[in-house]
Amino acid sequence: MRRLAPLLFLLCSSLTAQSQVRTVEVRTPRPFGYFLGDLVRAQVDIVVEPGFALQAASLPQPGAITYWLDLRTVAVTQASAGGGSRVRLDLTYQNFYAALDARALEIPGFTVTFVSDTDKGATTVKAQVPHWSFNISPLREVQPLGREDPRTYLRPDGRVASLDTQPLVVGSAGFMAMALLAFAGLAWDRTWWPFAKRGGRAFAACLRRLRALAGRGEDEAAYETALLALHRALDETDGRRVLADDLPAFLTRHPAYARERAGLAAFLDASRHSFFGPGPAGAMRRLPLADIVALTRKLTAIERES
């Protein structure tokens, strides 16, 4: 009896370990049709009792397995399945066997370890993944028939269906036409070329001229030219001459510009000092050319909104 006790203990331990690992199943996309250099994939599903976790150190490590087989990647996912825990291993191998004929090659199995930690201690169980095989084919014949012209060994390029490019051309032309129409509308709104000289945008035309004058720096002649340009823009907008005393009536007829009343009054005051007072030097101190450009930019924005 004393000799049978250890044997019974080992047998019970083995049965317990087998019950803790429920199933081990290996799936492959296909067992045939592989060539030199192909990737061979396999999916291993291991179902264990709840509470058991996979020991990452027991997984096979990527690298060379045999002289003709490498393990490229190992991916692990874990989920619940039928009251147990399912661990899925996604394995990717690469075949380097240069076969001379069609034959079956065997990928060796491996063992993974699961651990369950409880208050009473840790329980370890091993799951054996069996070996499996796949069929490999040669890339070419061992001894092809001799031919005079070696080019006859080559296969012609595969034919592909011709594509009708007319819908693409028509669609591209349609989008291009819409883009040109949109750009033309923007050019019309901003009075860009070729709409720069169209009527109704006096301040926009004046702003372009003032930007050119601003590059001349502190030039009294350029300053007076800028004053006259803005005067002409006011006159064209109102359809009559607009002087300092006419500003209230101008704003009554064009209320959109009322928010720039102070700027227009400062401009008309500087114009009076330049043309009917001490001269442009004093006017430039009152209202620099940069301020005239800024005022015209605001008037242009109001003009565009109107």
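Leu-264 lies in helix H6 (helices, H or I, of at least four residues and strands, E, of at least two are DSSP runs, numbered from the N terminus). With a relative accessible area of 1%, Leu-264 is buried, where buried means under 20% relative accessible area, exposed over 50% and partly exposed in between, using a 1.4 Å probe and protein chains only.

Before going on, here is how to read the model. It is a predicted one, in which local features need pLDDT of at least 70 and side-chain atom pairs count only at pLDDT 80 or more, while totals for chains, interfaces and linings use all residues. Residues are numbered from 1 along each chain as its sequence is written, and side-chain values use heavy atoms, with hydrogens and water left out.

**How confident is the prediction?**

The score to look at is pLDDT, the predictor's confidence in each residue, from 0 to 100. The protein chain averages 83, and 89% of the residues score at least 70. Residues 1-17 are another story: their pLDDT is below 50, and beyond near neighbours in sequence this stretch has one contact in the model (contact means heavy atoms within 4.5 Å). Where pLDDT is low, the predicted coordinates should not be read in detail.

**The core around Leu-264**

Back to Leu-264. If you skip residues up to four places away in sequence, Leu-264 touches Leu-234, Leu-247, Phe-250, Leu-251, Tyr-257, Leu-295 and Leu-299. Take Leu-299 from that list: this residue is 35 residues away from Leu-264 along the chain, yet their C-alpha atoms are separated by 9.5 Å.

Leu-264 also belongs to the largest nonpolar core, which has 32 residues. A nonpolar core is a set of buried Ala, Val, Leu, Ile, Met, Phe, Trp, Tyr and Cys residues joined through side-chain atoms within 4.5 Å. Which members touch the most others? They are Leu-210, Tyr-223, Leu-230, Phe-250, Leu-264, Phe-267 and Ile-292. Helices H3 (202-214), H4 (220-238), H5 (247-253), H6 (261-276), H7 (280-286) and H8 (289-305) are the elements that give two or more residues to this core. H4 gives the most, with eight residues.

Phe-267 has contacts of its own: leaving out residues up to four places away in sequence, Phe-267 touches Leu-227, Leu-230, His-231, Leu-234, Leu-287 and Leu-295. Apart from this core lies another one, of 30 residues, among them Phe-52, Trp-68, Val-112 and Ala-127. In soluble globular proteins, nonpolar side chains tend to be buried together.

Now for Ala-226, which sits in helix H4 and counts as buried at 0% relative accessibility. Setting aside residues up to four places away in sequence, Ala-226 touches Leu-210, Leu-213 and Leu-289. The C-alpha atoms of Ala-226 and Arg-211 are separated by 9.4 Å, with the two residues 15 apart along the chain.

**Rings that pair up**

Searching the whole structure turns up seven aromatic pairs. Rings of Phe, Tyr and Trp (its six-membered ring) pair if their centres lie within 6.5 Å; planes under 30 degrees apart count as stacked, over 60 as edge-to-face and the rest as tilted. Why is the pair of Trp-68 and Tyr-97 edge-to-face? The ring centres are 6.2 Å apart and the planes are at 80°, so the pair gets that label. Trp-68 lies in the loop between strand E4 (63-66) and strand E5 (69-81), and Tyr-97 in the loop between strand E6 (84-95) and strand E7 (103-107), so the pair ties together parts that are 29 residues apart in sequence. Both Trp-68 and Tyr-97 are buried.

Phe-250 and Tyr-257 make a tilted pair, because their ring centres are 6.0 Å apart and their planes are at 35°. Phe-250 and Tyr-257 are buried too.

Tyr-34, Trp-68, Tyr-93, Tyr-97, Trp-132 and Phe-134 form one aromatic cluster. Arg-30 lies over the face of Tyr-34, at 4.3 Å from the ring centre (a charge sits over a ring if NZ of Lys or CZ of Arg is within 6 Å of the ring centre and within 35 degrees of the ring normal).

**Two polar residues in strand E6**

Gln-94 is in strand E6, and Asn-95 lies in strand E6. Gln-94 is buried, with a relative accessible area of 15%; Asn-95 is buried, with 0%. The table lists polar contacts of their side chains, a polar contact being a pair of N or O atoms within 3.5 Å; within protein, one must be able to donate a hydrogen and the other to accept it, and residues adjacent in sequence count only if both atoms are side-chain atoms.

| Side chain | Partner | Distance |
|---|---|---|
| Gln-94 | Gly-37, backbone oxygen | 3.1 Å |
| Gln-94 | Arg-72, side chain | 2.5 Å |
| Asn-95 | Phe-35, backbone oxygen | 3.1 Å |
| Asn-95 | Tyr-97, backbone nitrogen | 3.0 Å |
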